[in-house]
Structures are given as structure tokens and as C-alpha cells.
Amino acid sequence: MAGNDFDEIRGRGAPGAVPPGCGPGQGRRPKQKDDHQPSAGWGAAMSVGKVLLRSGQVISGSKSMLAMNHENGGFDCPGCAWPDDRNGLHLDLCENGIKHVTWEMTRGRVDRRFFDSHTVTELCGWSDHALEKQGRLTEPMAYDSETDKYVPISWSEAFTLVGKTLRALPDPNMASFYTSGRLSNEATFLYQWWAREYGTNNLPDCSNMCHEASGRALQAALGTGKGTADIDDWDAAELIIVMGVNAASNAPRMLTALAGAHRRGAQIVHVNPLKEAASRRTIVPHEFGSMATFHTTPTGTLDIQPRIGGDLALLRGVAKALFEWHDTDPTVIDTSFIADHTHGFDDYKACCDGEAWADIVHQSGVAEDQIRRFADLYRKSSRTIISWCLGLTQQEHGVDTVREIVNLLMLKGNIGRPGTGPSPVRGHSNVQGNRTCGIDHRPTTEFLDALASECGFDPPRAHGLDTVATIEKMHDRQVSVFVGMGGNFAMATPDPTYTFAALRRCSLTVHVSTKLNRSHLVHGTNALILPCIGRTERDDQRSGPQSISVEDAMSRVHLSRGSRQPPSDQVLSEPAIIAGLASATLPHSTTEWQGYVEDYDRIRDIMSRVIPGFENFNNRVRERNGFRIRQPARELDFRTPSRRAEFSCASMQDVLPPTGYLMLGTMRSHDQWNTTIYSDDDRYRGVENLRTLVFMNRADMTRLGVSELGAVDITSYAKDGSTRRVFGYSAVAYDIPAGNAAGYMPELNVLCPIGDYSTQSGQPLMKHLTVRITPADVG
């Protein structure tokens with residue numbers, strides 16, 4: 001059996017212990033096979049059918065599919081943030097989205113009878129899959145230390161407990177208010193309002209662990225924390241470069257755009273240490289002719305496989321090749337765009353000229369001729385989009401790498417024109433909207449000034465805590481109240497031993513959730529579970545049924561309205577829960593919290609006067625397909641200190657692990673959404689019945705004496721010299737560069753120390769772990 005070196009995580013009676021494998025763990029024989037089936041297509045259709053059958057939701061689930069991602073009264077998929085189709089497509093959905101919705105629509109219920117039958121200590125021994133599989137939470141619950149069980153508590157009592165505890169703190173900064181990406185724009189705005197009127201900017205979020213590097217890099221380079229490309233640009237690009245992501249699992253609806261791009265003759269380059277399913281072929285499920293004839297469409301024209309951390313060197317090599325070609329062909333680089341709109345070009349050119357090809361090849365792990373082939377595709381393209389995800393950002397030099405993407409785009413004027421621009425892949429519905437609407441531990445002065453003017457209070461000005469800093473402060477007992485809106489904080493974060501201990505040192509932990517998860521078991525002295533409605537469900541308030549809004553990964557804001565009945569009459573909407581908590585915390589506030597809950601249009605009216613780009617919010621969001629937030633950078637209006645787009649010149653760092661070590665990155669399996677695990681299978685990587693694994697280069701396996709599916713121990717080495725270890729994992733041969741390895745989160749989060757985060761972004765180094773892999777110590 002796989003495990004690790006920490007008694008607390010192995011489950012030797014410690015509350016909140018994590019079983020080594022977080023999936024179903026049914027004990028079936030693990031399998032690995034060469035599997036080059038096309039992404040999506042019949043494999044996805046059959047997987048969806050099995051999910052609907054297992055959940056007993058064949059009819060209702062099918063009906064929900066027809067309402068998902070529709071602008072005419074449907075609900076927005078709670079999965080990824082890929083933009084909805086704007087051309088009337090009736091099946092704008094994907095396998096993962098359907099799984100996510102069906103998982104939420106389960107008939108199972110976690111009510112007071114369930115909690116009365118199970119202690120927290122017992123539930124700690126369950127897998128994460130088993131916890132979530134029990135179904136929907138139905139009423140507020142409070143932890144009772146005498147019985148080691150959660151017991152019912154009324155909403156008013158729960159609100160009172162939170163308000164009393166917060167008011168008793170000697171400093172508002174001893175509380176932290178976390179959110180995952182699921183929160184609506186309206187709930188987000190109320191949430192940050194509550195925290196700031198209470199007196200703190202401690203508003204960590206999942207972006208601190210995912211795309212913080214992207215936001216900081218884009219803000220510094222272009223004056224915006226978002227990508228500039230729209231979905232229409234994807235349909236017009238001649239070259240699409242996708243970096244550090246397997247779209248088939250992380251943003252499956254991107255496959256439609258990639259297939260369309262290939263049909264019109266565009267080049268598609270996938271840059272990833274692992275050669276993944278999204279770079280091969282697809283059958284788009286809503287293209288019924290292709291489904292009927294098994295006709296596949298390529299989704300990639302070139303694969304580039306840099307070593308982990310080698311992306312900056314790779315991009316620097318592309319730029320160097322362009323400069324060399326420009327010496328004999330002055331049209332290679334867009335000198336007019338550079339002269340009119342950029343700053344720092346000469347320094348950047350000198351930086352590229354000074355790089356030796358041998359160093360570029362060594363650090364990137366990509367041969368010079370292959371880099372030049374990649375560069376030639378970029379040279380010939382007049383309209384290029386570069387897209388990326390966590391494979392680039394969860395590294396020490398993530399900010400520098402994203403800025404290098406912008407450097408490359410600027411060299412050919414690929415910003416502010418149709419078919420061009422940077423385009424980060426946001427992995428969770430409305431995670432971008434959360435940041436837009438105020439979830440930011442480093443708010444701007446302009447936002448705080450507008451908030452003060454419109455909301456009638458003076459918000460704090462000092463920067464708050466991000467996710468890692470929140471965990472460290474809880475561990476040191478300097479933060480004693482933790483509030484989590486959605487997500488599974490305990491499992492999504494690094495270093496579970498440290499994080500679990502930090503959560504347990506709180507005087508109060510509060511989780512607003514739809515389902516039972518590990519975070520509810522890793523609790524403070526007092527703990528609350530507050531159940532909320534899901535994206536698919538009807539939200540009735542005093543003025544009638546309500547709609548919420550979300551922002552997709554390309555800055556379009558649109559409405560979402562559920563129609564299903566909530567799992568019980570004791571489940572509240574997120575705005576209602578936040579308003580109840582705020583009213584109890586701030587009894588002397590002049591804010592009419594309940595009035596905003598009665599009619600969400602009232603929230604949107606305030607937002608329209610606080611948030612740039614949300615002017616006339618209520619009218620514009622009701623237009624067909626909503627509206628796109630204006631981005632000055634898209635119009636070549638760069639809100640940087642120089643009022644120009646900024647070149648950067650980061651030096652290439654040594655990203656190779658020491659001799660005898662490997663560099664490891666964590667990732668999701670295909671049958672997984674963030675910390676929610678549907679099965680122990682990974683169809684696109686040919687794995688069945690196995691999650692405690694590590695993907696390795698076959699030559700590394702041979703060198704280390706490791707057999708296919710052989711048991712190995714993995715030891716990580718932190719910056720402070722400490723080590724962490726998992727043991728008995730299975731080695732799986734995969735197409736990945738030598739010296740590199742990969743495995744699943746959250747199981748391998750244990751290898752990422754709390755102190756190993758990027759000095760540029762504060763992001764945990766989930767994709768940049770120095771490890772040793774050895775045959776398992778069977779003694």
C-alpha cells in the first residue's frame with residue numbers, strides 16, 4: 001500500500017488524517033496501456049453515460065445538459081472558465097462539465113442522521129472520494145468536541161457564533177477570508193465588503209496558488225492582470241501556442257477551438273513536458289457527423305517538450321532566432337509597433353543577443369533545431385495567440401516566464417489586433433471574476449477609494465495575507481479565525497501536515513460548501529459547516545427568482561440562473577449566508593445587508609459604481625451573451641508607469657536538478673476536477689485503477705532500476721534542507737523528458753513544503769519540486 005512518512009497523514013488515529021490515495025481505492029488491479037484514442041468523442045460520451053447511470057440522473061442530468069452554458073435562462077457550467085459559445089450552439093458542454101454538474105445533482109444527502117452515525121475521527125479514515133460521494137449537505141452543522149461529531153445548529157445561532165468570535169478578536173487581521181473560484185460576482189462583492197468593513201484585507205484565494213504569476217506579469221507588462229485575447233481572436237489566429245496545460249482535461253471545450261483552427265489551416269503548437277491527449281486528435285461530440293463516422297480532427301501540428309522550468313529558456317531561444325533572422329530580413333520584427341507602443345526594447349534585444357545557444361538548449365532541454373523550427377512558425381504567422389496554464393505559473397520563475405510570453409508577442413506586434421494576444425487558461429468558473437470583484441489581498445488604491453465612496457466606510461489600506469501567508473499565520477496562532485467560501489482548502493494547499501496543524505490551531509473554522517470534504521474534518525476548536533445552493537439550483541429571494549453573474553477567462557460577464565430545487569429548505573444562497581454573517585459581525589453597520597439579498601440587482605447597482613468596466617451593469621449583463629469588460633491594453637492603451645507595454649529582461653536561471661535528482665510537477669488526472677476525484681482512472685494517460693503513481697521517462701526508470709508499475713519511494717528536498725517522503729508509489733513509463741517526473745495532486749501535495757513558494761508570486765512550487773526516486777524500501 002502506498003503511503004508517506006507522516007503519521008498524521010497516514011491516518012494512525014490523527015484527526016483529519018489523509019488516506020494515501022484520495023480516489024475510490026477499490027483495490028482493483030492497476031493497469032497501464034498505450035492509449036492514443038482521440039480526446040473527447042465516444043470515450044467522453046461513454047464516460048458521461050456511465051456517470052449518469054451511476055448517479056441515477058439519466059433524465060434530469062440530460063435535461064440539465066441542455067440548459068448548461070445557454071444565454072437564454074440557463075446556468076453557467078461550474079467547471080472551467082472557458083468562454084461559452086456565442087453562435088447558438090445547443091450542446092456547448094464537455095465531459096468534465098457534465099461530471100461536475102451531475103456530481104452536484106446527486107440524490108445523496110448528508111443530513112443530521114449521517115453525522116449522528118459517524119464521528120469525525122471515523123470519517124478521517126475515509127477517502128476523499130467517499131466523503132464527497134455521500135451527497136449534498138442539507139443544514140448548518142457545528143462541531144461538538146464532547147461527542148467528536150457535527151451536530152445541527154440553527155442559522156441564527158451559526159451567524160451569532162461567527163459574529164461574536166470575530167468581534168472578540170483584538171485585531172481584525174487575526175481573521176482570514178478565503179474563497180475558491182466558484183463564488184458568483186455578486187457574492188464575491190458582498191464577501192470582500194464584509195471582510196473590509198470588518199477591518200482586514202486578508203482575502204486569500206485560489207488564484208494565489210494558480211494564476212497569481214500571470215496576473216502580476218501581465219499587470220507589469222501591459223497594465224492589466226488579464227489576457228487580452230477574446231474567443232473571436234482564437235477563431236482568427238494563424239498560430240496558437242498552448243503552454244503548460246492538457247486542454248483535454250483542464251479546458252475540454254478548447255478542443256473545439258483547436259479543431260476549428262486546424263481545419264482553417266492554422267498551426268497549433270503544444271509546449272508541455274508531457275505529450276498529452278490535447279495535442280493529438282479529437283472528435284467534437286456536438287459534431288454529429290464526426291461522431292457517427294469516427295472522423296477525427298487534429299488538434300496540434302507540433303509538440304515541444306521542454307524540461308520542467310525550461311519554458312523561459314525556450315521562449316528566449318525563439319526570440320533570439322527572430323533577432324538573428326531580422327538582421328537579414330527587416331520584416332521579421334514589427335519595429336513600428338515596438339517604436340510606437342513599447343518600452344525597454346533595446347535592453348531586451350541585448351539580453352537575447354547575449355544568450356548563448358548552448359545555454360538555451362541546456363536550460364530548456366530542447367534541441368536548437370527544434371527551437372528554430374518553432375521560431376520559424378512564429379516568424380511566418382501574422383496573427384498569434386499564446387495561451388498557458390499552471391505548468392508555467394507554479395514555478396519559481398513563473399512571473400518571468402509569463403513576461404517572456406509578452407516579450408515574444410510584442411516582437412511581432414501580436415497585441416491589440418484581431419487574432420492575437422496573451423490568453424491564460426483559467427481553470428475554475430469565475431475565478432477571474434472573483435479577482436475583478438474584489439477578492440484581492442493587495443487591492444489597489446483606486447478600488448478602495450471607490451469602495452469607500454459608494455459603501456460608506458473606510459476600508460483598510462495595508463496589504464493582507466495571501467494563501468501561504470494565511471497558513472503560516474494560522475500555524476503561528478496569529479490568525480485564529482478562518483472562513484472558507486467553497487473549495488477544499490485543506491487538500492488544495494501544499495504541505496498537508498503543516499496546513500492541517502495550522503487549521504487545528506484556529507479558534508473557529510467556517511466552511512461554506514455544497515458537499516462534505518476533508519476540510520470539514522480538519523477543524524478549529526469551534527467549527528461550522530454552512531450548506532449553500534449549487535449553480536444548477538433555483539435561488540428564490542423576496543423579490544423573486546435571482547440570477548447571478550460570472551466572468552469567463554476572456555473577460556466576458558454573463559448571467560447564470562439555476563432551475564432545480566435545492567436539496568433542502570435549510571440550504572441558503574451564498575449572498576444570503578454572507579449577509580447573515582456580516583450582519584452578525586457588524587451589528588452597528590449602516591449597510592443594509594438583507595436588502596441586497598432580497599434583490600441582487602441592488603448589489604449590481606453598487607458594483608456598477610465601484611468596479612471599472614461594470615458601468616450600467618444590470619442592463620448590459622441582460623443583453624444576449626452579456627458584455628465584455630473593456631480592457632485598455634486591448635486598445636493599445638497601456639496603464640503602466642511609462643504608458644507603454646514593457647519589455648522585461650530576466651536572466652535565465654539554472655532550472656536543472658542536481659545530479660542524481662529529478663524535477664517533479666503535480667497535476668490532475670483526467671477523471672478529476674481540482675480536488676474532486678471521480679475515479680482512479682486516467683483515460684487519456686492510459687491508467688486504470690491507480691492514483692498513487694509517478695510518471696517517469698523510461699530511460700530514468702532503467703537507470704534507477706525501476707520496473708513498469710514497480711513500487712518506488714519519492715523524497716522531496718526543500719529549500720530549508722528538510723525532506724518529505726511518500727512510499728510505495730507505482731512508476732509508470734510516459735513520454736516525458738529525462739530528468740523529469742509527474743504525479744497527481746492532491747496526493748503529492750505532501751511533497752511541497754509550505755516554505756517553498758515563488759519569491760515572485762507567492763505561489764507554492766507545485767510544478768517545481770526537486771526529488772529523488774528510488775525503488776521502494778520493502779524492508
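A residue counts as buried when its relative accessible area is under 20%, and a salt bridge joins a side-chain nitrogen of Lys or Arg to a carboxyl oxygen of Asp or Glu within 4 Å. With these two terms in hand, an arginine of this predicted model invites a closer look. R668 is buried, yet R668 has no salt bridge. The nearest side chain of opposite charge belongs to D682, and D682 is 9.6 Å away. That distance lies outside the 4 Å limit, so the pair R668 and D682 does not qualify as a salt bridge.

What does the side chain of R668 make a polar contact with? The partner is the side chain of N674, at 2.8 Å. R668 itself sits in the loop between β26 (662-667) and β27 (672-673), while N674 is found in the loop between β27 and β28 (676-677). N674 is partly exposed, with a relative accessible area of 25%, whereas R668 is buried. The backbone of N674 also deserves a mention: phi is positive, at about 50 degrees, although N674 is not a glycine. Beyond neighbours within four places in sequence, R668 is in contact with S249, N250, G427, W673, N674, R685, Y744 and M745.

One of these contacts, M745, leads to another backbone feature. The peptide bond from M745 to P746 is cis, with omega near 5 degrees. P746 belongs to the loop between β33 (740-744) and β34 (769-775). A positive phi turns up at R643 as well, near 60 degrees, and R643 is again a residue other than glycine. R643 is placed in the loop between β24 (627-628) and β25 (645-646).

Elsewhere, charged side chains do pair up, and the count comes to 40 salt bridges. Among them is the bridge between R435 and D205, whose closest N and O atoms are 3.0 Å apart. This pair links distant parts of the chain, 230 residues apart: R435 lies in helix α22 (residues 431-436), and D205 lies in the loop between α9 (185-198) and α10 (212-222). Are the two partners buried or exposed to some degree? D205 has a relative accessible area of 1% and is therefore buried, while R435, at 24%, is partly exposed.

A salt bridge within a helix is provided by D353 and K349, with N to O at 2.8 Å. The two residues are four positions apart in helix α17 (residues 345-353), so about one helical turn separates them. Both ends of this bridge are partly exposed, with relative accessibility of 40% for D353 and 27% for K349. R639 and D637 form a further bridge, the closest N and O atoms being 2.8 Å apart. Here too the partners are partly exposed, R639 at 40% and D637 at 22%. Salt bridges can also join into a network, as they do for E186, D601, R604 and R622.

These details belong to a chain of 779 residues, of which 66% are buried. The chain holds 32 helices and 34 strands. Among contacts with a separation of 6 or more, 78% are between residues 24 or more positions apart; the bridge between R435 and D205 likewise links distant parts of the chain. The accessible surface comes to about 26900 Å², and carbon and sulfur atoms account for 50% of that area.

Technical notes: Residues are numbered from 1 along each chain as its sequence is written. This is a predicted model: local features need pLDDT of at least 70, side-chain atom pairs count only at pLDDT 80 or more; totals for chains, interfaces and linings use all residues. Side-chain values use heavy atoms; hydrogens and water are left out. Buried means under 20% relative accessible area, exposed over 50%, partly exposed in between (1.4 Å probe, protein chains only). Lys and Arg count as positive and Asp and Glu as negative; His and the chain ends are not counted. A polar contact is a pair of N or O atoms within 3.5 Å; within protein, one must be able to donate a hydrogen and the other to accept it, and residues adjacent in sequence count only if both atoms are side-chain atoms. Contact means heavy atoms within 4.5 Å. Accessible areas come from the Shrake-Rupley method with a 1.4 Å probe; for residues, only the protein chains shown count as cover.
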